[in-house]
Amino acid sequence: MKSCMPDYPTGVIEGFYGKPWTDTERFMLFDWLQTCGLNTYIYAPKDDLKHRAAWRELYSASESKTISSLIRASNKRGISFSYAIAPGLDMRFSADSDLDALRNKLAQVIKMGCRSFALLFDDIPARLAPNDRKRFGSQASAQAATANSLCEWLGRQAAGSTLFFCPTVYCGAMARPNVSHSEYLRELGDKLHPAIKVFWTGPDIISGEIPVDSIREFRSVLRRRPVIWDNLYANDYDMRRLHTGPYAGRPPSLKAETNGILLNPNCQFHANFVPVHSFASWLRAPARTSLQPARNRAIRTWLAQFQIRQPHKISFKALRLFCDFLYLPTSPGPGATQYLHDLQMLLRTPPSHWAGRYERFQRTSRLILTLFDSLLHIQNRDLLHALYAHAWELKERVLLVQAWANWRKANPDTTEKFAPAEFSPALLRGSTCAELDRVIAEILAGSQ
């Protein structure tokens, strides 16, 4: 089986922590990518045991059959399939047996029809075992030697093969003291084979913006254009969040400065329809001044998947508002921003000054609550379950603030405290993690 890596890879990395997608979901993703004109899928689910924690173990016959079917399905749609392996947690770089284990694993995947691979050293301890340090001197040198050996071996085993590489320092915030003077990055730039494609997430792990100057700084050190591993929509670091906003914070010239862009998106597969389609629109017209029209088109197309039992219905307006509440890591969307502004105004002024804001606040609240009720009746239960926890959380909070606004309006002069019988403050974000979050907020604010 033959597969060619595109000159400029665009698409999706399944590279998050958490439950991997199902094969049915991956087949659906390949259809999305084909429809959108994207060309690459990288298989790298952190919680596939044999991808990371037990990387030395070969796949069973049934597992091999499954991966082979994914490779065939992606190639049939013109999507390049890349298999990623992450041995960095316990690899012994100076042990020939571990290099043999790495080759044996990739040889098995080559037999399945794969011709593109990724070697990942992200999220591992920044240290070497004594024997490895004695032989290689540094982590960068050990990783480069392994990657180069693997690249040369792949060239002999699979003509036209491609190798991606994820460094341990994979964003600007990790570089010490900075990107330009990072010994690790400079050594990689000096030693890594020029044919190897290097991943980079931008200035941060989750980069709200990726300035062109930051990419040029990377290029000067690594001596190659990076392939952006874009975590804009990732939510494995905070599963209480979901991101369905436009592909934003990336300048039009980013494509010319890079060697590919791949999304590592939401863990919940069905929540990625709008991100994937918005990203594809940006690629087709990155100079577009407004990102909202492309996002609105994606939401309208997504709406067709919300087939619902009568007499219930979900409107474009309601779905767009819901997506505004589940927007981007750095900000809510326009509808959610307006709702929060209205709520703040109600909190800070007496009801006699609410003039119009209360009515708009109530209309938006009703729209959210109606959407939640309608979601329960959609036919696609997998889609429902991808959104359910987030819709439920939003519904509960809207009910609470709506009850407060009604109470405040009905009792403008009261000195009593708002205390609804059905709500206990201890139950809202009452977990130990929530308490830790409050302490962390104080730490970051400089409190002792």
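**Helix contacts, cores and loop geometry in a predicted model**

Pro311 is placed in the loop between α10 and α11. The model described here is predicted. In this model the peptide bond joining Gln310 and Pro311 is cis, with omega at about 10°. A cis peptide bond also leads from Arg176 to Pro177, where omega is near -5°. Pro177 belongs to the loop between β5 (162-166) and α6 (183-191).

The two helices on either side of the Pro311 loop are in contact with each other. The axes of α10 (residues 292-303) and α11 (residues 316-325) come within 10 Å and cross at roughly 120°. The pair is therefore described as oblique, since an angle of this size lies outside the range of 65 to 115 degrees for roughly perpendicular axes and is not over 145. The crossing of α10 with α11 is right-handed. On the α10 side, the contact is formed by Arg295, Asn296, Ile299, Arg300, Trp302 and Leu303, and on the α11 side by Phe316, Leu319, Arg320, Cys323 and Asp324. By residue class, this contact holds 6 nonpolar, 1 polar and 4 charged residues.

A second helix pair consists of α3 (residues 96-111) and α5, whose axes come within 11 Å and cross at roughly 35°. Here too the crossing is right-handed. From α3, the residues taking part are Leu99, Leu102, Arg103, Leu106, Ala107 and Ile110, and these meet Thr146, Ser149, Leu150, Trp153, Leu154 and Gln157 of α5. The contact of α3 with α5 is made up of 8 nonpolar, 3 polar and 1 charged residues.

Helix α5 (139-157) is also one of the elements against which the buried residues of α6 pack, along with β5, β6 (197-200) and α7. The residues of α6 that are buried include Tyr184, Leu185, Glu187, Leu188 and Gly189.

In soluble globular proteins, nonpolar side chains tend to be buried together. The largest nonpolar core of the model contains 118 residues. Within this core, the members that touch the most others are Phe81, Tyr83, Phe117, Leu119, Leu185, Trp302 and Phe306. A second core, separate from the largest, has 16 residues, among them Met5, Ile13, Ala84 and Val227. Of the residues named for the largest core, Leu185 is also listed among the buried residues of α6, and Trp302 takes part in the contact of α10 with α11.

Tyr339 is found in helix α12 (residues 334-348). With a relative accessible area of 4%, Tyr339 is buried, because this value is under 20%. Leaving aside residues up to four places away in sequence, Tyr339 touches Phe325, Phe361, Thr364, Ser365, Val398 and Val401. One of these contacts joins residues that are 25 places apart along the chain: the C-alpha atoms of Tyr339 and Thr364 are separated by 7.2 Å.

Two residues other than glycine were noted for a positive phi. For Asp123, phi is about 55°. Asp123 is located in the loop between β4 (116-120) and α4 (130-136) and counts as partly exposed, at 32% relative accessibility. For Arg223, phi is near 60°. Arg223 is located in the loop between α7 (212-222) and β7 (227-230), and its relative accessible area of 57% makes this residue exposed.

Conventions:
Residues are numbered from 1 along each chain as its sequence is written. This is a predicted model: local features need pLDDT of at least 70, side-chain atom pairs count only at pLDDT 80 or more; totals for chains, interfaces and linings use all residues. Side-chain values use heavy atoms; hydrogens and water are left out. Axes are lines fitted to C-alpha atoms, for helices over the stretch in contact, and angles run from 0 to 180 degrees between N-to-C directions. Helices (H or I, at least four residues) and strands (E, at least two) are DSSP runs, numbered from the N terminus. Angles under 35 degrees count as roughly parallel, over 145 as roughly antiparallel, 65 to 115 as roughly perpendicular and the rest as oblique. A crossing is left-handed if the near helix is turned anticlockwise from the far one by less than a right angle, and right-handed if clockwise. Contact means heavy atoms within 4.5 Å. Ala, Val, Leu, Ile, Met, Phe, Trp, Tyr, Cys and Pro count as nonpolar, Asp, Glu, Lys and Arg as charged, and the others, Gly among them, as polar. A nonpolar core is a set of buried Ala, Val, Leu, Ile, Met, Phe, Trp, Tyr and Cys residues joined through side-chain atoms within 4.5 Å. Buried means under 20% relative accessible area, exposed over 50%, partly exposed in between (1.4 Å probe, protein chains only).
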